[in-house]
Amino acid sequence: MEFTKKIKSLVNLRQASRSSVDLSEVGTPETEEPAVLREKEPVNKGLNDPQVEEEILNSIEDVFYRDELFDASEYKLKEIPETPDVSEIYSEKVKLASQLHVVSKKLSALILQNQSALAEELQCVTEMQKTLEEACSICGQSRSLLAQTKRDFTTASLGILASYRKREQLKCLLRSLHMIKTLQETDVRLRELLEVCIIIL
């Protein structure tokens, strides 16, 4: 995250420094071009030394590590005095270009160093995505089976209730038939008693 912020800031600074140099040259046409501009030293001169690279990396101001809303170009432009010195501006440009070169090199090294880990993480992400897709499929099937089971349970419950109601009706009918049978037997018994009484009389 810090390297990303640093790269964004240094890229903006490089563009801002170029604009500052151009504006200074236009505003002071009679100023003699300094020797440092005529030398045109390469940016990466001496940057292959790890110690030099570390010193350049440590020379980056802490202000560039602020949040992403920090405007590095505006910050560096405000440092330019009212009467700009082209030599100082060019020196600052070389310094910022060196910092950008070192940061880019460090970032590339980190990317290459962690390339295998990145590939493994991507493989893990792919496998996790596949597992999640399978889990979603299983969840969908489970929900369908649960809905079907719920419908079957409702149907079975209604069937049980219907059977229970029918059984209660049959029990009520059985009691009624038993009472009718008892009444019939009582009627027969009463008839027999009446016949006996008539014979006796």
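Modeller: A surface patch consists of residues with over 30% relative accessible area and no salt bridge, in which like charges are joined within 9 Å and nonpolar side chains (Val, Leu, Ile, Met, Phe, Trp, Tyr) within 5 Å. This is a predicted model, in which local features need pLDDT of at least 70 and side-chain atom pairs count only at pLDDT 80 or more, while totals for chains, interfaces and linings use all residues. Residues are numbered from 1 along each chain as its sequence is written, and side-chain values use heavy atoms, without hydrogens and water.

Biologist: About how much accessible area do Leu170, Leu173, Leu177 and Ile180 have together?
Modeller: Accessible areas come from the Shrake-Rupley method with a 1.4 Å probe, and for residues only the protein chains shown count as cover. One member, Leu170, lies in helix H6, residues 115-200 (helices are DSSP runs of H or I, at least four residues, and strands are E runs of at least two, numbered from the N terminus). Together the four residues form a nonpolar surface patch with an accessible area of about 380 Å².

Biologist: Why do the buried residues of helix H3 lie on the same side?
Modeller: Buried means under 20% relative accessible area, exposed over 50%, and partly exposed in between (1.4 Å probe, protein chains only). In H3 (residues 50-58) the buried residues are Glu53, Ile56 and Leu57. They share a side because the arc they cover around the axis, taken from the directions from the helix axis to the C-beta atoms, is only 100°.

Biologist: Which residues are exposed on the other side of H3?
Modeller: Glu53, Ile56 and Leu57 are the buried residues of this helix. Exposed on the other side are Gln51 and Asn58.

Biologist: Which elements give two or more residues to the largest nonpolar core?
Modeller: A nonpolar core is a set of buried Ala, Val, Leu, Ile, Met, Phe, Trp, Tyr and Cys residues joined through side-chain atoms within 4.5 Å. The largest has nine residues: Ile56, Leu57, Ile60, Val63, Phe64, Phe70, Ala72, Val102 and Val103. The elements giving two or more of them are H3 and helix H5 (86-113).

Biologist: How far apart are the closest N and O atoms of Arg191 and Asp187?
Modeller: A salt bridge is a side-chain nitrogen of Lys or Arg within 4 Å of a carboxyl oxygen of Asp or Glu. Being four residues apart in helix H6, Arg191 and Asp187 are separated by about one helical turn. Arg191 is exposed at 53% relative accessible area, whereas Asp187 is partly exposed at 36%. In their salt bridge, the closest N and O atoms are apart by 3.1 Å.
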